[in-house]
Amino acid sequence: MTRAPRWALGATAALLAALPAAGAEPLVLSLSRASSQLQGLTDTQLYRTFASQLTAELQQLEPQGRLGSGSPLGVELRAAPISAGQAKRPGATVRFTLTLTAEGERPRSLYFEQKARGIGLLGARVLAKATVEAALALRRGAAPQRPISLDAPPAAEEPLMRASRTATAPKIDGRIDDAQWQQAPAFTRFVENLPDTGATPTQTTEVRLLYDDHALYVGIICFDTQPELIDRQLGQRDTFPPSDLVELAIDSALDRRTAYAFSINAAGTLTDGLVYADINTTETFDAVWEGEAADRPDGWSAELEIPLSILRFPAAAEQRWGIHVRRTVSRTHQVFESRLIPPADNAFVSQFGLLGGVTALAPAHSLEVVPYLAARVGWQALQLEPSLDLGVDLRTSLLSDLTLNLTVNPDFGQVEADELVLNLTNFELQFPEKRPFFNQGLELFAPVGSEYGSTHQLFYSRRIGLEAPILAAAKLTGTLVSGLQVGVLDAVVMGAADPSKARLAEGDPGASEGAQTDAPDRRVMFHPSRPLHLGLNSQLPAERPTPMNFLAAVVRADATAAFSLGATFASATPLAARCGPADFATPAAYLAADCRSSGGEVLSLDWNLRSEGRDWVFLGALDASRREGGPLTEVLADGTRMHPSDLGHGGWFKAGKYGGEGLRFSLDGDWASQRLDLNPTGFLSTQNEGRLSGSVALYYTQGLGLLRELQVGLSASTAWSTDGRWTPRGNTFGLDASVTLPSYWHLSLNGTFEMPQFDLREIYGAGIPFERRMTGIAYLSARSDPNRAVVVEARATGSYAPAGPVPAQLGWGAGGTLVVRPHSRIETRLEGSWANAPNGARWVSALPDADALDPSRAHQLFGQQDSETLSVTLRQSVALTPRLTLTAYGQLFLAYARYPRFFSAGAAEGERIELEQLQPTTVAANHDFREASLAFSAVLRWEYRLGSSLFLVYSHSSSEPRLAPTEAPAANLSPVRLWGGPSSDAVSLKWTLWLGT
């Protein structure tokens, strides 16, 4: 007999507990026939699948001695006929009739509904479990059960939940003891998603919904048989620690793609987020709503008040909203859902049930104004530097589903700084966006298919405000008509320079870097380019920032339920030259310098084709770029010469099976021409590259044997230059494997093997491909149960590179994370990493001498680069109340790189330098370097009224002092010199006031 899968054991154990005592009549089931008429599924297939699963269930009972040769129970399974055309319709369901008969007793029948496309292994498993459970109940003489729904949504006409209109809003205190709640029907038909998919929940959950013309009110009771074990860990707003919690997601536009998510845990911590493109989740969505949690002797409860102005919905006599409720029990890792969406599905919002009963609602038009005042006092070398900023944020709804956001002189002083890293690659690093204004609605500007990773990003919001402060920005996002989403963002950046500091002008021999007056300019002056900032001139940069206008626009249309088309346009337009005559000592120096500012424009057309269940995906985009202004010639890292108005093109695609249990596979490709330039507004790590990659993997998210989860995948990729020379840019092979053990320990292993490749960017600007050596890298990690009071994670890396010309080298690295929650209000997270990385031969500089016979063959200097890094990061969180929190962040970062050997080789532009061409050489200069930095910040946040906050921020940064020209950097990780280096400190107080209608 076939053994049942691991995830079935939990449900079977519960059934065993319900068996009659020893000596009672044994349980025997005998199958009758099954009939169906479904697309691609014959009667025999349905019968065999169901019979196999039922046999597996019975197999689990046999070792307990519960089976015998007693009077059998007859089982007959019938499915209501459905045509192939009906089965293709979204949400199409099949009605099953399951009849059990016993000798001398009347038949007992149960009714089930199942999605037409889901009649397979999962559906048969759930039916088999229900059959055994019903048979046991029948043996005990239990009454017939009422009809139930398995994992499929009911038909569109049958709402999953219903809301009731209320004349009086309930008091939001988490207790659900107001009389209004009694008029709302209770929903309790939850199903377990994890760890035993499809099982009947062991804990009861009750949901009630009310509404009026102002808000939707949600009351949830989480009954718990062991209330003393409920995890009530308190956290800061929008950051959930592991805890018991409930999540509500609402697709108010019923586009089956986008949903607003609201969550509250048993301690009252609130988070919100947005689900877009069906499965993508972002927690950067922020809204003003209210929620409270309360203890009960039989569990805990929560009340939510969600203003209708947050939700986008059309005008209609009766609203049709998608809704999904999920409950997590932290100590058991159980997840209960209002509708089963299996974890392996590549779909989420499209599977929501319907919320009914919401009538006579007009779309809410809202206006939110949030002014702020920020005072800052910084000091370095005992010199105080005060400043004051004033700004405002505005949000209003223009149409029922179109929202305008506006910010003037935004301040992000409370945002955590980026992590310090040592980047020894020749690629730019990409950092996450943390600024609230840009995070709101950012999902619309994300590349299509960003959930699978995208190499071409046309809009990268971190470009805005990178070199100049943001004066103002506006953003329009929403849905014009059903199935048509639009987003437009425009931002203007500009700033002032310290009038007492001289600019280092290219081509001006009379200018000197950092030249300035003897004393800092402590005057307070009004600068039209920064009208809402008040501070000392000495705080301004020495070089005047270039004013720029950034524009991004996107439109996406749903051609069908499974096919969408989109277009994205972005531009960075200089508003002034980067320098002028006043910046130079002489007119000749100004004419010799090229002061034109550079920008760019990009355009992309994308498509997204999905199967009905979203498991199969084919998506991609075609890109084009145009360079605007800038120097007459600018040389890129790979030697490509860019000129004003240069055009570039590119594109990418992804295709494959990205969902479902078992086998998954994908084929990806991308192309970037020599002059494709997305970086003025977006992010492209490298141009002049074509790449083709593929992967095949096995996913068992519902367990395999004793494992709770297993994923194993193989991947391979090959890359080449697109400049017509077809220079090989790398062949890579990878292995990824991860398992989750019964104890919820998670283990992962990753291996990468890189064949020798030619790097076009290593010898910066020369256009000379340089051969990089073969490398093998392995990564291993282990993490304990994340829901415990103490969590440990350990990581280790190892690498090997064969000799030539650098000796064979081994690299090592280790890291770990320790999370301690000694109290329900305190969390301490300590992270550390160390790496000793031999990087092989790296380019150092061009040598002044050239080949006497061929002057075009420039000599290049290379060095054996060995680096070592150490990073220690502390994150501390203290939540005094859900609205009063203190967070602290500190990082000590130490790194050095040394060059024990040097080599040289000569080549002309376009020629390759292979490793065997490198010849040992000596140099007099010391090219070693090191970094040592310390960063610390602490933020006290108090939400003193709904939507209004007060922030008190302290920040500190310090680094090692500059070395003397004759001093060699220490090749160690000692932070001794750090304490005597330059440092800066600042204290900021920021006040915001939310005014909304």
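These are my notebook entries on the nonpolar cores, the salt bridges and a surface patch in this structure, which is a predicted model.

**Entry: cores**

I began with the nonpolar cores and found that the largest one has 42 residues, with Met161, Val207, Leu209, Leu311 and Trp321 making the most contacts inside it. I then looked up which strands feed this core: S5 (161–165), S7 (205–211), S8 (215–223), S9 (245–251), S10 (259–265), S11 (270–276), S14 (299–307) and S16 (321–329) each supply at least two of its residues. Apart from this core I noted another, of 24 residues, which includes Leu444, Met548, Ala552 and Ala572.

I went back to valine 207 and listed its contacts, leaving out residues up to four places away in sequence: the list holds Met161, Pro185, Ala186, Phe187, Phe190, Val218, Gly219, Ile220 and Val325.

**Entry: salt bridges**

My count of salt bridges came to 41, and I followed aspartate 224 through two of them. Which arginine does aspartate 224 pair with across 103 residues? The partner is arginine 327, with the closest N and O atoms 4.0 Å apart; aspartate 224 sits in the loop between S8 and S9, whereas arginine 327 is in strand S16. Aspartate 224 also forms a salt bridge with arginine 331, at 2.7 Å from N to O. Arginine 331 lies in the loop between S16 and strand S17 (334–337), so this second pair ties together parts that are 107 residues apart in sequence.

I next asked whether these side chains are buried or exposed. Aspartate 224 has a relative accessible area of 5% and is buried, arginine 327 is buried at 1%, and arginine 331, at 17%, counts as buried because the cut-off is under 20%.

Further along the chain I checked glutamate 827 and arginine 829, whose side chains meet in a salt bridge at 4.0 Å from N to O. Here glutamate 827 is buried, with a relative accessible area of 18%, while arginine 829 is partly exposed at 26%. I also recorded one network, in which salt bridges that share partners join Asp759, Glu762, Arg772 and Arg842.

**Entry: surface patch**

In soluble globular proteins, nonpolar side chains tend to be buried together. I therefore looked up what lies on the surface, and found a nonpolar patch of Trp616, Leu663, Phe665, Val696, Leu698, Val712, Leu714, Leu735, Leu749 and Leu780, with about 840 Å² of accessible area together. Strands S33 (662–672), S34 (689–700) and S35 (709–720) each give at least two residues to this patch. Leucine 780 lies in strand S40 (residues 775–783), and its relative accessible area of 48% makes leucine 780 partly exposed.

Notes. Residues are numbered from 1 along each chain as its sequence is written. This is a predicted model: local features need pLDDT of at least 70, side-chain atom pairs count only at pLDDT 80 or more; totals for chains, interfaces and linings use all residues. Side-chain values use heavy atoms; hydrogens and water are left out. Patches are made of residues with over 30% relative accessible area and no salt bridge: like charges are joined within 9 Å, nonpolar side chains (Val, Leu, Ile, Met, Phe, Trp, Tyr) within 5 Å. Accessible areas come from the Shrake-Rupley method with a 1.4 Å probe; for residues, only the protein chains shown count as cover. Helices (H or I, at least four residues) and strands (E, at least two) are DSSP runs, numbered from the N terminus. Buried means under 20% relative accessible area, exposed over 50%, partly exposed in between (1.4 Å probe, protein chains only). A nonpolar core is a set of buried Ala, Val, Leu, Ile, Met, Phe, Trp, Tyr and Cys residues joined through side-chain atoms within 4.5 Å. Contact means heavy atoms within 4.5 Å.
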